[in-house]
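This briefing covers a sheet, a nonpolar core and a ligand shell, in that order. Please keep the structure open while reading.

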Amino acid sequence: MMFTVSVFNHFALDESMSYIRPFDPWKSKLCTCPFKYTLNVYTGCDHACIYCYITSYIPKAFKVRIKENLLLEIERELRKLNKRFIVSLSYSSDPYPTIEKQLGITRKALQLFQQYNVRCMILTKSDIFERDLDILKNLKCAVGITVTTLNEDIAKQLEPNAPLPEDRIKALKSAKKAGIPIYARIDPIIPYLTWDDFEETVKALSFVSHITVSTLKLRPDSWKRMKAKFPEVMEKLEPLYKKNKPIGGYYYLPKELRLKILKEAENIIESKGITFGSCREGYHSYPTCDGSHLVPL
Ligand code: SF4
């Protein structure tokens, strides 16, 4: 049975919990996520992805800040958490920004998760998590990476401060070797850019159990950054994105084109024996959109 965000919000939300919060997918009508909590260990993210949407609601979003008393606070919150539900790291940041290598705050948070028997999911664009496999393998946890393209030049332009896709993939292979359930996101799919090597990207990720995809959704600020960095691509995309009114504040590709891309993506992914998920698309997924079915009970 799938518990959706709206069904459980009324009792899972404890107002005294300020760091571990029910995941609120920007109130998107197209979100199909099961209920889960989310924790952003840091405020902001220095991967500085061109298409990132956190810049629309977090001031100075590409500057990473630590949170006061985070470990003390989350320990207090973990004591009252409903352990049936998953805590996901993270949706408005990355649990492994560059500074995590020195500070190890995410590592300490994972140690607390182990102590309190918390089910969790990690999603990152970094390879630093390889350092924490000793903890992750003893947790009820699934680990995922996001890869948008295998093309290093394009990846460096899209995600300037994130480790290269090849290094993320290598780290995820180590997680698999350690016996940890693993998944990936190919998100966003950008026509005329990352969609061109989508099949190769899936091939490079064919060792994972589940892949979630999502087409590019634009906010006014990410639209501007995309236009400045990829003027030729945006010349082709702008007329498409201008066709429809935004959905929940995000501009989408026209529905027919979106569904065509998703269908093709689904076929490619499933042909490799990997389960398929789609994120905020109003399209189906199996068994879950976000890969949360991989987290052990
Ligand atoms: S990794 Fe995620 S949160 Fe960080 S800049 Fe990129 S898209 Fe934004």
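In this predicted model, 8 strands make up an open sheet with mixed pairing, arranged in the order β1-β2-β3-β4-β5-β6-β7-β8. At its edges lie β1 (20-22) and β8 (275-278), each of which pairs on one side only. On average, neighbouring strands of the sheet are turned by 25° against each other, direction ignored.

**Strand pairing**

- At one edge, β1 is joined to strand β2 (residues 37-39) by 3 bridges in the antiparallel sense.
- Within that pair, P22 is found opposite Y37 of β2.
- Strand β3 (residues 87-89) pairs with β4 in the parallel sense, also through 3 bridges.
- Here L89 has I122 of β4 standing opposite.
- β4 and strand β5 (residues 140-146) run parallel and are joined by 6 bridges.
- In this pairing, C120 faces C141 of β5 as its opposite residue.

**Burial of strand β4**

- Strand β4 spans residues 119-124, and 6 of its 6 residues are buried.
- Both of its faces are covered.
- One side carries R119, M121 and L123, and the other carries C120, I122 and T124; all of these are buried.

**Nonpolar core**

- The largest nonpolar core comprises 75 residues, and C120, C141, V143 and I211 have the most contacts inside it.
- Strand β6 (residues 182-189) supplies the largest share of this core, with 5 residues.
- Two of the residues with the most contacts, C120 and C141, also stand opposite each other in the pairing of β4 with β5.
- Which residues does V143 touch, leaving aside those up to four places away in sequence?
- V143 touches I122, F129, L136, L172, A175, I180 and I182, with that exclusion applied.
- One of these contacts, I122, is a buried residue of β4 and stands opposite L89.
- Another contact of V143 is I182, and strand β6 covers residues 182-189.

**Ligand shell**

- Which residues surround the ligand?
- The ligand is surrounded by C45, H47, A48, C49, C52, I54, S93, D94, K125 and E159.
- Sorted by class, this shell holds 5 nonpolar, 2 polar and 3 charged residues.
- The charged residues in the shell are D94, K125 and E159.
- H47 and S93 are its polar residues.
- C45, A48, C49, C52 and I54 make up the nonpolar part of the shell.

Notes. Residues are numbered from 1 along each chain as its sequence is written. This is a predicted model: local features need pLDDT of at least 70, side-chain atom pairs count only at pLDDT 80 or more; totals for chains, interfaces and linings use all residues. A residue is near a molecule or strand if its C-beta atom, placed from the backbone, lies within 6 Å of it. A nonpolar core is a set of buried Ala, Val, Leu, Ile, Met, Phe, Trp, Tyr and Cys residues joined through C-beta atoms within 7 Å. A residue is buried if 20 or more other C-beta atoms lie within 10 Å of its own, exposed if 12 or fewer, and partly exposed in between; C-beta atoms are placed from the backbone. Helices (H or I, at least four residues) and strands (E, at least two) are DSSP runs, numbered from the N terminus. Two residues are in contact if their C-beta atoms, placed from the backbone, lie within 7 Å. Two strands pair if DSSP finds at least two bridges between them. Axes are lines fitted to C-alpha atoms, for helices over the stretch in contact, and angles run from 0 to 180 degrees between N-to-C directions.
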